[in-house]
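Thanks for coming. I will walk through one structure, starting from a single residue and working outward to the helices.

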Amino acid sequence: MITGLNKLFHPVFQGYMLKTISSLGFSNPQFMANFVAFNEAFWGLLLLLGLLTRFSSLSLIVIMLVALVTKDLHSIPTELVPLDPSVGTRPMDHFTWLTYFFFLPQVLFIMLLGMFSLYGYKAFGIDQFIKKSKTPKH
């Protein structure tokens with residue numbers, strides 16, 4: 001929610017978001033930047049409140065997957081550069097690539113959101129209060 005609000009209202013983050021969306025080649029980048037930022041803030045707020053938890057989580061997963069595929073996967077280096085230049089660069093092996101991949105914050109967010117989308121909130125959140133009020137009492 002906070003990152004979405006920053007992208008909507010903070011001039012530095014607005015510029016960063018617009019530059020990112022423009023560089024990815026989306027048509028009407030200003031609209032897309034605002035649309036994505038609003039959705040991050042809106043679904044993040046609902047998730048924070050525990051309202052429509054599963055749908056909120058799935059919506060945020062879609063946003064995170066698009067960010068991961070279009071931008072963040074390209075930040076993983078293709079070769080390893082050692083501290084000692086005489087050793088020379090090494091090609092990236094699969095396990096090291098996975099290490100970089102799992103260090104991306106979007107991967108962690110997707111995993112946490114996946115848990116919320118599968119299980120919802122169990123103890124807290126508005127969803128639980130709504131569910132309890134609809135349950136018939138015997």
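**Core, helix pairs and a loop**

Phe101 touches Leu68, Leu73, Ile76 and Val107, leaving aside residues up to four places away in sequence. Before going on, please note that this is a predicted model.

Phe101 also belongs to the largest nonpolar core, which has 20 residues. Which of them touch the most other members? They are Leu60, Leu68, Phe101, Leu104 and Leu113. As for where the core residues come from, the elements giving two or more are helix H2, residues 11-23, then H3, H4, and helix H6, residues 105-119. H3 gives the most, with six residues. As general background, nonpolar side chains in soluble globular proteins tend to be buried together.

Now the helix pairs. Take H2 and H3 to begin with. Their axes are 9 Å apart, and the two helices pack at an angle of about 120 degrees. An angle of about 120 degrees falls outside the 65 to 115 range for roughly perpendicular and is not over 145, so H2 is oblique to H3. The crossing of these two helices, H2 and H3, is right-handed. On the H2 side, the contact is made by Met17, Leu18, Ile21 and Ser22. On the H3 side, it is made by Pro29, Gln30, Met32, Ala33, Val36 and Ala37. By type, the residues of this contact are eight nonpolar and two polar, with no charged ones.

The next pair is H3 with H4. Helix H3 covers residues 29-49 and helix H4 covers residues 53-70. Their axes come within 9 Å and cross at roughly 150 degrees. The cut-off for roughly antiparallel is over 145 degrees, which is why H3 counts as roughly antiparallel to H4. H3 passes H4 in a left-handed crossing. Which residues meet here? From H3 there are Val36, Asn39, Glu40, Trp43, Gly44, Leu46 and Leu47. From H4 there are Thr53, Phe55, Ser56, Ser57, Ser59, Leu60 and Ile63. This contact of H3 with H4 divides into seven nonpolar residues, six polar and one charged.

Val36 is listed in the contact of H2 with H3, and Val36 is listed again in the contact of H3 with H4. Leu60, for its part, is in the contact of H3 with H4 and is one of the core residues I named earlier.

Two of the polar residues on H4 deserve a word. Is Ser57 buried or exposed? Ser57 has a relative accessible area of 0%, under the 20% cut-off, so Ser57 is buried. Leaving aside residues up to four places away in sequence, Ser57 touches Leu47, Leu113, Phe116 and Ser117. Thr53 is also in helix H4. Thr53 counts as buried because its relative accessibility is 1%. With the same sequence neighbours left out, Thr53 touches Leu47, Phe116, Gly120, Tyr121 and Asp127. Leu47 and Phe116 are on the contact list of Ser57 and on that of Thr53.

Last, the loop between H3 and H4, where Leu52 is found. At 47% relative accessibility, Leu52 lies between the 20% and 50% cut-offs and therefore counts as partly exposed. Not counting residues up to four places away in sequence, Leu52 touches Leu46 and Asp127. How far apart are Leu52 and Gly120? In sequence they are separated by 68 residues, and in space by 8.6 Å, C-alpha to C-alpha. That is where I will stop.

Notes
Residues are numbered from 1 along each chain as its sequence is written. This is a predicted model: local features need pLDDT of at least 70, side-chain atom pairs count only at pLDDT 80 or more; totals for chains, interfaces and linings use all residues. Side-chain values use heavy atoms; hydrogens and water are left out. Axes are lines fitted to C-alpha atoms, for helices over the stretch in contact, and angles run from 0 to 180 degrees between N-to-C directions. Helices (H or I, at least four residues) and strands (E, at least two) are DSSP runs, numbered from the N terminus. Angles under 35 degrees count as roughly parallel, over 145 as roughly antiparallel, 65 to 115 as roughly perpendicular and the rest as oblique. A crossing is left-handed if the near helix is turned anticlockwise from the far one by less than a right angle, and right-handed if clockwise. Contact means heavy atoms within 4.5 Å. Ala, Val, Leu, Ile, Met, Phe, Trp, Tyr, Cys and Pro count as nonpolar, Asp, Glu, Lys and Arg as charged, and the others, Gly among them, as polar. Buried means under 20% relative accessible area, exposed over 50%, partly exposed in between (1.4 Å probe, protein chains only). A nonpolar core is a set of buried Ala, Val, Leu, Ile, Met, Phe, Trp, Tyr and Cys residues joined through side-chain atoms within 4.5 Å.
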